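The exercises below are meant to be worked through with the sequence and the model side by side. Each one sets a task and then follows it with a solution in steps.

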Amino acid sequence: VISSGAGAPTGSTRLAAVIGAPVRHSLSPVVHNAAFAASGLDWTYLAFEVQPAALSDALDGVRALGIAGLSVTMPHKEDVARLVDDLSDDARLLGAVNCVVNDKGRLVGHNTDGAGFVGALGAELGVDPRGKRCLVVGAGGAARAVVLALARAGAATVVVANRTRARAEEAAGLAGAAGRVAEPADVVAEVALADVVVNATSVGMGLPGAADVPFPPEALEPGQVVADIVYQPLVTPLVAAARARGVTAANGVSMLVHQAAVAFELWTGAPAPVDAMTAAVERTLATVGDGPPA
Ligand SMILES: NC(=O)c1ccc[n+]([C@@H]2O[C@H](COP(=O)([O-])OP(=O)(O)OC[C@H]3O[C@@H](n4cnc5c(N)ncnc54)[C@H](OP(=O)(O)O)[C@@H]3O)[C@@H](O)[C@H]2O)c1
């Protein structure tokens, strides 16, 4: 193998990439290039800004160029689910793809957010959802993946609370018999009843000094666990409020890393170097500070 050393691309370097619009703020290049380097794999990872009108051409380009894998971010997750050649069970149920595997020109869409969330819950907070009463606040794309994964992992109940009720009903439906919608007036009582409370809304994200929390934290008690999927700022307003009440809480960095780890393993077949990926994300987020993604 001809190598130019120090991780520079060679004639045999394999490529993975993220597509989105905008995409310059994406942490995926940081996390995946750290993973390739730590694993000693001759792979590299780039970000491509792809506008919706060019999405189909971009996927044809992936096939034609033999790009090995894609991460998919806003606004393409649903459209990619319609354009790929096949879908995993999760991606089909969610109608959304965040990871594409190029299997010799056949593009297969996956959704790794749910597995990433459950992986993070275990790794970061030591929580196995089996038999647990879970409350998910939010019903967007990430929340839907979390609801499905919690139900799959054996949660006793998955209650969904969301500003827009119709979306809550749809998300709760993904949990089958375990799913239920919280009435807006009952959210505080639902928080008190839950073993695991998840913020899967974007409330608390980005704005410097914002104090926004997605639900009143006063009902939280020690013994409960709070998982915020927001990761910027690193200490989100909800994580701060939960910890102030003696409640174990984590931000969304671990989910970000674990969903990327599942993608890495689908593309490369190698075990993901989770610690190196986490260090790279935390280093980058500490550098960009608490401001909105730039
Ligand atoms: N850690 C990770 O790996 C990871 C992965 C994916 C996403 N995320 C984060 O998760 C968040 C949600 O992402 P998404 O893709 O699911 O977005 P999305 O599909 O746009 O959903 C947004 C959700 O937030 C709710 N929401 C937004 N503003 C609100 C407000 N002011 N008050 C109450 N609810 C509000 C929405 O409620 P309505 O339905 O009423 O509009 C909806 O439930 C983002 O911050 C994203 O960065 C993290």
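Two residues are in contact when they have heavy atoms within 4.5 Å of each other. The structure shown is a predicted model.

**Exercise 1. Describe the surroundings of Gly20, and decide whether Gly20 is buried or exposed.**

Step 1: begin with the element, and you will find that Gly20 belongs to strand 1, which covers residues 14–20.
Step 2: look for contacts, leaving out residues up to four places away in sequence, and the partners of Gly20 are then Phe48, Glu49, Val50, Thr73, Met74 and His76.
Step 3: compare sequence with space, where Gly20 and Gln51 stand 31 residues apart along the chain, while their C-alpha atoms are 7.4 Å apart.
Step 4: apply the cut-off for burial, which is under 20% relative accessible area; Gly20 is buried because its relative accessibility is 0%.

**Exercise 2. Find the polar contacts of the Thr201 side chain, and explain why Thr201 counts as buried.**

Step 1: place the residue, since Thr201 sits in the loop that joins strand 10 (196–199) to strand 11.
Step 2: follow the side chain of Thr201, which makes a polar contact of 2.7 Å with the side chain of Asn199, and which also has a polar atom 3.0 Å from the backbone nitrogen of Val203.
Step 3: set aside the neighbours within four places in sequence, and Thr201 is found in contact with Val137, Gly138, Pro214 and Val230.
Step 4: the relative accessible area of Thr201 is 18%, and therefore Thr201 counts as buried.

**Exercise 3. Locate the two cis peptide bonds described here, from Ala21 to Pro22 and from Gln232 to Pro233, and examine the phi angle of Lys104.**

Step 1: recall the background, namely that most peptide bonds are trans and that most residues other than glycine have a negative phi.
Step 2: the bond from Ala21 to Pro22 is cis, with omega near 0°, and Pro22 lies in the loop between strand 1 and helix 1 (28–39).
Step 3: the bond from Gln232 to Pro233 is cis as well, with omega near 5°, and Pro233 lies in the loop between strand 11 and helix 9 (237–244).
Step 4: turn to Lys104, a residue other than glycine whose phi is positive, near 55°; Lys104 is in the loop between strand 5 (99–103) and strand 6 (106–110), and it counts as exposed because its relative accessibility is 82%.

**Exercise 4. Describe the largest cavity and say which elements give two or more residues to its lining.**

Step 1: a search of the whole structure returns one cavity of 30 Å³ or more, and the largest cavity has a volume of about 80 Å³.
Step 2: among the 13 lining residues, Phe117, Ala120, Ala227, Asn251 and Met255 are the closest to the centre of the largest cavity.
Step 3: two or more lining residues come from each of helix 5 (113–125), strand 11 (225–228) and helix 10 (253–268), with helix 5 giving the largest share, five residues.
Step 4: sorted by class, the lining consists of eight nonpolar, three polar and two charged residues.

**Exercise 5. Identify the residues that come nearest to the ligand, and then trace polar atoms beside its oxygen atoms.**

Step 1: the ligand has 20 residues around it, of which Ala142, Asn162, Arg163, Thr164 and Arg167 come nearest.
Step 2: from the side chain of Arg167, an N or O atom lies 2.8 Å from a ligand oxygen.
Step 3: on the backbone, a polar atom of Ala139 is 2.9 Å from a ligand oxygen, and an N or O atom of Leu256 is 3.2 Å from a ligand oxygen.

How values were computed: Residues are numbered from 1 along each chain as its sequence is written. This is a predicted model: local features need pLDDT of at least 70, side-chain atom pairs count only at pLDDT 80 or more; totals for chains, interfaces and linings use all residues. Side-chain values use heavy atoms; hydrogens and water are left out. On a 1 Å grid over the protein atoms alone, a cavity is a set of points where a 1.4 Å probe fits but cannot get out, and a pocket is an open set with protein on both sides within 12 Å along at least five of seven lines; lining residues have an atom within 4 Å of a point. Grid points are joined across faces, edges and corners, and a volume is the space filled by probe spheres set on the points. Helices (H or I, at least four residues) and strands (E, at least two) are DSSP runs, numbered from the N terminus. Ala, Val, Leu, Ile, Met, Phe, Trp, Tyr, Cys and Pro count as nonpolar, Asp, Glu, Lys and Arg as charged, and the others, Gly among them, as polar. Buried means under 20% relative accessible area, exposed over 50%, partly exposed in between (1.4 Å probe, protein chains only). A residue is near a molecule or strand if one of its heavy atoms lies within 4 Å of it. A polar contact is a pair of N or O atoms within 3.5 Å; within protein, one must be able to donate a hydrogen and the other to accept it, and residues adjacent in sequence count only if both atoms are side-chain atoms.
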